[in-house]
Every structure is written in structure tokens, then in C-alpha cells.
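Q: Please take a close look at one part of this model and describe how its pieces fit together.

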Amino acid sequence: MSANIIQWSINGFYSKLEELQLIIKDHTPTIICLQETNFNTKSNPALLHFNIFKKKQKCMQ
């Protein structure tokens, strides 16, 4: 079994959602790793057929 993995520093999940959906359609990934999503504490993202795991980044001071 092989895995098709997409990794993207997306810089805003909701602003790039349409583009992300096209990439998913074209490449049928098994795993998607997104950084720089810019979610706030109330964000509840969803992608059809994917489980969402998110971790808030700790601020470095």
C-alpha cells in the first residue's frame, strides 16, 4: 500500500480552500499536512473524507 501525501504551508486555510479542494481532486491524497492555517480558537475546519487534527502553536518569546 502506498500513501500519497500533500504538504503545504497554506497561509490561510479558508482563503485557499477552493484551491485545496482542486488539489485534492487532482491528486487524491491519503494524507494532507497543512501549516500556517491561521485558525483561531473558534475555527472548526472540515474536509470531506478526512479527519482533522490541529495543534495550536505556542508563542516563542
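A: The following account concerns the paired strands, the helix between them and the residues packed around them. The model is a predicted one.

Strand β1 covers residues 5-9, and its side chains alternate. I6 and W8 point to one face and are buried, whereas I5, Q7 and S9 point to the other face and are not buried. This agrees with a general pattern: in a regular strand the side chains alternate between the two faces of the sheet.

Strand β2, residues 31-35, runs parallel to β1 and is joined to β1 by five bridges. The bridge partner of S9 in β2 is Q35. Between the two strands the chain passes through helix α1, residues 17-27, and this β-α-β crossover is right-handed.

W8 also belongs to the largest nonpolar core, which has seven residues: W8, I10, F13, L20, I24, I32 and L47. Leaving aside neighbours within four places in sequence, I32 is in contact with L20, I24 and L47, and also with I6 and F50. In soluble globular proteins, nonpolar side chains tend to be buried together.

Helix α1 also holds Q21. Q21 counts as partly exposed because its relative accessibility is 44%, between the limits of 20% and 50%. The C-alpha atoms of Q21 and L48 are separated by 9.5 Å, although these residues lie 27 residues apart along the chain.

In the segment after β2 lies T37. Its relative accessibility is 16%, so T37 counts as buried, the cut-off being under 20%. Not counting residues up to four places away in sequence, T37 touches I10, G12 and F13.

Methods
Residues are numbered from 1 along each chain as its sequence is written. This is a predicted model: local features need pLDDT of at least 70, side-chain atom pairs count only at pLDDT 80 or more; totals for chains, interfaces and linings use all residues. Side-chain values use heavy atoms; hydrogens and water are left out. A nonpolar core is a set of buried Ala, Val, Leu, Ile, Met, Phe, Trp, Tyr and Cys residues joined through side-chain atoms within 4.5 Å. Buried means under 20% relative accessible area, exposed over 50%, partly exposed in between (1.4 Å probe, protein chains only). Contact means heavy atoms within 4.5 Å. Helices (H or I, at least four residues) and strands (E, at least two) are DSSP runs, numbered from the N terminus. Two strands pair if DSSP finds at least two bridges between them. A crossover is right-handed if, with the strands pointing away from the viewer, the path from the first strand over the helix to the second runs clockwise.
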